Amino acid sequence: MNLSNIIAGICSLMFFMIGADKFFAFLEPPCSLMNEISPIIWKGLGALQLIAGVLIMIPKYRKPVVGFFFIFMLVFSVIHLTQGTKDVGGALFMATLLGLLIWKPSFLDAKTAA
């Protein structure tokens, strides 16, 4: 297993967690933008994130999912920052992981000697 697959797995778990939170609100503290976004759009974002959690693990779909959500996380990071919220860390962390998957530096696919 290479590092790209591990990062994709971490992103998949994060997509499931933040997507499910849009329906069940179990993360504390809740997203500070939750009350600023229409409930229908909020649930739609959650559904997209749940779908992304599955698709990122399928190599055929990984690149478009990663590209879309890299931009998505950057946009929401900027929105958080312009609104003066403090819960931007998760979006920035995920954007960083997705950025690594887009950039694909050689160390991500290095084979370990056995």
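Helices are taken here as DSSP runs of H or I that are at least four residues in length, numbered from the N terminus. In this predicted model, K104, placed just after helix 4, takes a positive phi of about 50°. Helix 4 itself covers residues 89-103; its 15 residues reach 21 Å from the first C-alpha to the last, which is close to the 21 Å expected at 1.5 Å a residue.

The buried residues of helix 4 are A91, M94, A95, L97, L98, G99 and L101, and these pack against helix 1 and against helix 3, the latter formed by residues 59-82. An α-helix has 3.6 residues a turn, so residues three or four places apart point the same way. Helix 4 also contributes to the surface, since it is one of two helices, the other being helix 1 (3-24), that each supply at least two residues of a nonpolar patch.

That nonpolar surface patch, of about 800 Å², is made by M1, L3, I6, I10, F93, W103 and F107. The largest share of the patch, three residues, comes from helix 1. F107, a further member of the patch, lies in the segment after helix 4, as does the positive phi of K104 just after that helix. The relative accessibility of F107 is 48%, and F107 therefore counts as partly exposed, a class that falls between the buried limit of under 20% and the exposed limit of over 50%.

Helix 1, besides its share in the nonpolar patch, holds residues that are covered by the protein, among them S12. With a relative accessibility of 6%, S12 counts as buried; when its neighbours within four places in sequence are left aside, S12 is in contact with G53, I56 and M57.

A20 is likewise found in helix 1, and because its relative accessibility is 17%, A20 counts as buried, the cut-off for that class being under 20%. Residues up to four places away in sequence not being counted, A20 touches A25, F26 and L50. A20 and P39, which are 19 residues apart in sequence, are separated by 14 Å in space, C-alpha to C-alpha.

Taken together, helix 1 supplies three residues to the nonpolar patch and is also packed against by the buried residues of helix 4, while S12 and A20 are buried residues located in helix 1.

Key: Residues numbered from 1 in each chain as written. Predicted model: local features only at pLDDT ≥ 70, side-chain atom pairs only at ≥ 80, totals over all residues. Heavy atoms only, no water. Patch = residues over 30% accessible without salt bridge, like charges linked within 9 Å, V, L, I, M, F, W, Y side chains within 5 Å. Areas by Shrake-Rupley, 256 points an atom, 1.4 Å probe, with all protein chains shown as cover. Salt bridge = Lys/Arg side-chain N within 4 Å of Asp/Glu carboxyl O. Buried < 20%, exposed > 50% of the residue type's maximum accessible area, 1.4 Å probe, protein only. Expected span 1.5 Å × (residues − 1). Contact = heavy atoms within 4.5 Å.
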